[in-house]
Every structure is written in structure tokens, then in C-alpha cells.
Amino acid sequence: MRKISTLFVLAILLTVDSYAQKVDKNIKSGHLPVPVIPAKLPPDSVSLGDSKSFPEVQLGIPIARGPFEPNWTSIEKNYPGDPQWLRDAKFGIWVHFGPQASGESGDWYARKMYVQGTRAYDNHLKKYGHPSAYGYKEVLRDWNPKQLNPAKLARIYQDAGARFLMIQGVHHDNFDLWDSQYQPWNSVNIGPKRDIIGEWAKAARAAGIKFGVTFHHEYTWWWWQTAFGSDTSGVKKGVPYDGHLTLADGKGKWWQGLDPRLLYGIDLREYKGVERAAKSPWSPPPAGIFSRHLAYDNGMRPTGHCA
């Protein structure tokens, strides 16, 4: 599956509770429906399918018209090694910025805020409240980086000698920083209501800097498994975090019409190794196929959940 997600990244990159529960009528909620999910089984009770014998899947995701087709043959033909402009540029800057910065708890804040005992969890508890009531979706709702000025920053980077930028389009948190046609959990629909990638693209072109957009979907499916857990001690022991919520649970709430499963994915802890990896600081589960959830994989391809 690593090859599939890498192809997806390349194809896109190369084309360039103190808060009132009011329904936000401006939220666009159109998306493919989440397929019926099999009844949950106990954690660590199902063996993963053999990924080596599983056929490679063509995602069928539409990309902008151009010389590249979304397959390895086309990429190898049109992009043979390092381009000359990249060798000549020498110096570039990676703009690794998104809503996780609001947690002030490190790069993987969104994942670790659901792991009791971590700095991210403790900081989230002090700043926002318990993740069963104020989850990452609420962080997204309230995120508004008013001081972010891509035009000003692009000029600074250009003056510093940078000749290309790599701009984060979506991190493992699955929140798109543009007006995404596939993912309703995006920065135009929720939070700042800004097309942040669009702003960076305009700024980079004005400064004469080449740019690419990075996608981090490869980790998304296992990275979010922490959101399906609960505290293991204390007064909130056993109270589920908000990862278990569904579209129906949003009725009458600010996120009505949005399915949290399009953000957090689905609970896959029944597969061996996933629960252990969810509690680890870094390591992903062993490679394998989620054999009982192939309908979900097929149905969710357009949103990038198939990494």
C-alpha cells in the first residue's frame, strides 16, 4: 500500500464544553457517503491480510490535465530523476504549518492529544478541556491564524535566497488547507474560512518561486487510531473520545452534516498490532490488508483515506 500512497502524493504534487452548539449553516457537507462499517470486534483479534499477494489498486483520482497520468509509467517517463531547475535552485524552504500549531505541543499534537499522559494531552486538557467533549474537530473549528501572511513570507523567503517552496497541503490529520472538492473538513469550509494553499500559490508565483504541495496521507489510517480510545484512569476513565462519533451524532450540533469519519477515519484496532501502534510514540502497525473493511477502502478513495 506504500506504493499506492506515494503515487497519490506524486500525482498531486507534480500538478500542483464552553462553546455553544449552534449549527453552522455555511458549512458545505457534500461528500461520498461512508459505506456500512462491519460491527466492531475486540482489539487485536483479527489477523491482517497478506499485502504481498494483494493486487495493486489504481485509485482513479482525477488530476489536472497535463503530461502526467496517475501511474508509475507516466511518472518515470516524464520525471526522470532530479530536474535541472532543482539542481540550480540549491535552496528551498518547507512550509510545514497547519492547525496542529494551535495546540503548541509539537508536530503530532492532534494524535497525541488523545494519549493520556503525553504533553499534548495535558496541554489540551488545560487549554480546551477533555477530548471526549472538545476534540480535534473543535480545534479545527476555532483555528484562525490571522497573522499568517503568505505574500509577506514569500518575499522574505525569496530575499533569503529560497528558489522553491514545499507547502503543506494536508498533514496526517486529514484536514485539507484548500477548498477541497473531496474533503469537507477543509480550511475554506471550517476554521479560518481561507484557501491557504491558494494564498501560498499566488504568493509564490508573485515572488518568482517554484512551489510544490505536500500530502501526508500515508500515515492517516493508523495515525488517528488514538481518537477511538479513552482515558485508562481518572474521572473520565472509559469515556470515549470523539473519534467514535458518526454523521448522525452531529444533528443539532455545530458540525451537523459533517461526518467525523471523513476526518478521523474508522476504528481499525481489531487488527493485530494496530492497538499497540496507536499507543506508541511513532511506530506504525505491521504491513497488511484490512480484509474486513475493503468496502470502506473502495468507497473512501477520493478523500485519500486509502494510504
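**Helix α7, its partners and a small set of interior features**

In helix α7, which spans residues 150-159, the buried residues include Pro150, Ala154 and Tyr157. These residues lie on the same side of α7, because they cover an arc of only 65 degrees around the axis. The picture comes from a predicted model. The partners of this buried face are easy to list: the buried residues of α7 pack against β1 (92-95), β2 and α8. Beyond the helix comes Gly161, which follows α7 and has a positive phi, near 105 degrees.

A helpful residue for tying these elements together is Trp200. Leaving aside neighbours within four places in sequence, Trp200 is in contact with Pro150, Ala154 and Tyr157, and also with Leu153. Further contacts of Trp200, with the same neighbours left aside, are Val95, Leu148, Leu165 and Ile167. Trp200 also belongs to the largest nonpolar core, which holds 60 residues. Within that core, Trp200 is among the residues that touch the most other members, along with Tyr114, Tyr136, Leu165, Trp185, Trp224 and Tyr264. Helix α8 provides the largest share of this core, namely seven residues.

Turning to empty space, the second largest cavity has a volume of about 40 Å³. Trp200 appears here again, as the lining consists of Val95, Phe97, Leu148, Ile167, Gln168, Leu177, Ile196, Ile197 and Trp200. Both β2 (164-170) and α8 (196-207) supply at least two residues of this lining, and α8 gives the most, with three. In character, the lining divides into eight nonpolar residues, one polar and no charged.

Which residue lies 73 residues from Trp185 along the chain, with a C-alpha separation of 7.8 Å? That residue is Leu258, found in the loop between α9 (220-223) and α10 (261-264). Leu258 has 0% relative accessibility and therefore counts as buried. Its counterpart in this pair, Trp185, is one of the core residues that touch the most other members.

A last stop is Ser74, in helix α2 (residues 72-78). Is Ser74 buried or exposed? With a relative accessibility of 9%, Ser74 falls under the 20% cut-off and so counts as buried. Once neighbours within four places in sequence are left aside, the contacts of Ser74 are with Pro67, Phe68 and Glu69.

Terms used. Residues are numbered from 1 along each chain as its sequence is written. This is a predicted model: local features need pLDDT of at least 70, side-chain atom pairs count only at pLDDT 80 or more; totals for chains, interfaces and linings use all residues. Side-chain values use heavy atoms; hydrogens and water are left out. On a 1 Å grid over the protein atoms alone, a cavity is a set of points where a 1.4 Å probe fits but cannot get out, and a pocket is an open set with protein on both sides within 12 Å along at least five of seven lines; lining residues have an atom within 4 Å of a point. Grid points are joined across faces, edges and corners, and a volume is the space filled by probe spheres set on the points. Helices (H or I, at least four residues) and strands (E, at least two) are DSSP runs, numbered from the N terminus. Ala, Val, Leu, Ile, Met, Phe, Trp, Tyr, Cys and Pro count as nonpolar, Asp, Glu, Lys and Arg as charged, and the others, Gly among them, as polar. Buried means under 20% relative accessible area, exposed over 50%, partly exposed in between (1.4 Å probe, protein chains only). The arc is that of the directions from the helix axis to the C-beta atoms. Contact means heavy atoms within 4.5 Å. A nonpolar core is a set of buried Ala, Val, Leu, Ile, Met, Phe, Trp, Tyr and Cys residues joined through side-chain atoms within 4.5 Å.
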